[in-house]
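Here is a short briefing for the bench. Read it with the sequence and the model side by side.

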Amino acid sequence: MGGQLPRILESKGRVLGQAAEQLRLRVDTAALRDAAAEIEWRKVSRMPLEAYARAAESRSLPATLPADRMTALHERYERLKDEGRRIDFEDVLLATAGMLESEPWIAEQVREQYRVFVVDEYQDVSPLQQQLLEQWLGTRRELCVVGDANQTIYSFTGATSEYLLQFASRWDGARIVRLERNYRSAPPILSLANRLMRGRPGALELIPATQLPKPASARPGALADFGNSTAYDTDGEEARAVAAAIAAEIAGGTRPERIAVLYRVNAQAALFQAALADAGVGARQQGAVKFFDLPDVKLAIVALAQLARDTKAPAVPLFQSVSDVVRDLGWTSQRPEGGVRPRRNGRPSTRSWSSPTRPPTAPRSRSSRRSCSIGRRRSTSRRSPPSPSRPCTARRASSGTPYTWSD
Ligand SMILES: Nc1ncnc2c1ncn2[C@@H]1O[C@H](COP(=O)(O)OP(=O)(O)OP(=O)(O)O)[C@@H](O)[C@H]1O
């Protein structure tokens, strides 16, 4: 008790970089990013370092960081963090859970303050977050969770849709409300989403709430069906096929301004633009802004200015401090190839000099992650409220628009 509060690490990048340097590990930024994800996974899974050392043997790790080096890196990262009196986002959760467990009076105080709990995006809850939720709840049952197992995206950092899928069996008498009427997307999108998700655990059968408006200018049948989805081996092949399909559409009479390409991460834009140019199709990137107006560039400039004013900052060469600052913001020194570099866990990596740079390991809520282009929030009052003392779970209709936001 007492003393100075520890500082919260904005991202693990810088401390991990120092740890790797101290251990003389030659690792690139991608491997460090994977190490950060491993640290998150270990901590939200509540796994002590010794247990991780064993578990790491059977995990898929970067070639430069086999199990023993990865474990050593975790250990050094934790040590450096403790020495600097800093805590990361997982520590905040761990410390809160530990406090509620060891100090029942604090748990009581929290429970008095909050009576009813609503958890959104419940498909992406980690064991540690679930533990916290249970500690907040105590013996009460005033809980409503909302989620869609088909929108699970954080498994690689230890989240699991199991809590959502098993909710009814864990909470006897829970009321399940299936939100399958979809107000967001047009019927062809929903029918494609239904086809893609059919048979998966917790899959919903989405029902369009509205029929597609038919402007007079629309070519009959233009949006009647998306046909089958096609997967390509590489981003380049995908971009070329998309460009060829667009060129064919235009040749068939569709006006170019009626065509849009929705992509998942900004780094893909360059590939699409190149493929479209090769196919003789002019394209405009929406949201393209000047370099110094990019939010991430502005952020870096603010951080660098702060560092320049900080008289207590350690005297290190300029390139080192600049590199530390931008690395801390999640940037890498590798030029984007226009494609998305696959992570070892199959998820795309979005870090690059030109991509938005919120670190993938930074503490951020799903809502902030999505805030770029899709309004995710809607007043919960429009949903049926859970009856008191009866936990309810609502499965959300998947939006069916997985490619419309860009990180
Ligand atoms: N009853 C309704 N009538 C009209 N429009 C609605 C209704 N309910 C939701 N919508 C619209 O549907 C869209 C999606 O709603 P909302 O974001 O609440 O869905 P969600 O299930 O939380 O989505 P996600 O699965 O992406 O988190 C919003 O544009 C919202 O305005």
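The points below cover the fold, the confidence scores, the salt bridges, one helix and one surface patch.

This is a predicted model. The chain has 407 residues, and 40% of them count as buried. Its secondary structure comes to 15 helices and eight strands. The average pLDDT is 78.

**Overall build**
- Contacts with a separation of 6 or more are counted here, and 76% of them join residues 24 or more positions apart.
- The chain exposes about 23300 Å². Carbon and sulfur atoms supply 54% of that area.

**Confidence**
- A pLDDT of at least 70 is reached by 76% of the residues.
- Helix α4 (residues 67–83) has the highest mean pLDDT among the elements of the chain, at 97. Helix α15 (residues 366–370) has the lowest, at 32.
- Over residues 216–222 the pLDDT is below 50. Beyond near neighbours in sequence, that stretch has five contacts in the model.
- Residues 397–407 also have a pLDDT below 50. Beyond near neighbours in sequence, this stretch has 49 contacts in the model.
- Where pLDDT is low, the predicted coordinates should not be read in detail.
- For the model scores, ipTM is 0.94 and pTM is 0.65.

**Salt bridges**
- How many salt bridges does a search of the whole structure find? The search finds 18.
- R14 and D328 meet through their side chains in a salt bridge, at 3.8 Å from N to O. R14 lies in helix α1 (residues 13–22) and D328 in helix α14 (residues 318–328), so the pair ties together parts that are 314 residues apart in sequence. R14 is partly exposed, with a relative accessible area of 27%.
- R170 pairs with E134 in another salt bridge. The closest N and O atoms are 2.7 Å apart. This pair links distant parts of the chain, 36 residues apart: R170 sits in helix α9 (residues 167–170) and E134 in helix α7 (residues 127–137).
- Both partners of that pair are partly exposed: R170 has 41% relative accessibility, and E134 has 34%.
- E180 and R178 form a salt bridge, with their closest N and O atoms 3.5 Å apart. Is E180 buried or exposed? At 18% relative accessibility, E180 falls under the 20% cut-off, so it counts as buried. Its partner R178 is partly exposed, with a relative accessible area of 41%.
- Elsewhere, salt bridges that share partners make one network. R42, K43, E78, K81, D82, D88 and D91 are joined in it.

**Helix α7**
- Which residues of α7 are buried? L128, Q130, Q131, L132, L133, Q135 and L137 are.
- E134 of this helix is partly exposed. E134 is also the salt-bridge partner of R170.
- Just after α7 comes G138, with a positive phi of about 65°.

**Nonpolar surface patch**
- F291, F292 and I301 make a nonpolar surface patch of about 330 Å².
- Where is F292 found? F292 is in the loop between α12 (269–278) and α13 (295–309).
- The relative accessible area of F292 is 57%, over the 50% cut-off, so this residue counts as exposed.

Key
Residues numbered from 1 in each chain as written. Predicted model: local features only at pLDDT ≥ 70, side-chain atom pairs only at ≥ 80, totals over all residues. Heavy atoms only, no water. Salt bridge = Lys/Arg side-chain N within 4 Å of Asp/Glu carboxyl O. Helix = DSSP H or I, 4+ residues; strand = E, 2+ residues; numbered from the N terminus. Buried < 20%, exposed > 50% of the residue type's maximum accessible area, 1.4 Å probe, protein only. Patch = residues over 30% accessible without salt bridge, like charges linked within 9 Å, V, L, I, M, F, W, Y side chains within 5 Å. Areas by Shrake-Rupley, 256 points an atom, 1.4 Å probe, with all protein chains shown as cover. Contact = heavy atoms within 4.5 Å. pLDDT = per-residue confidence, 0-100.
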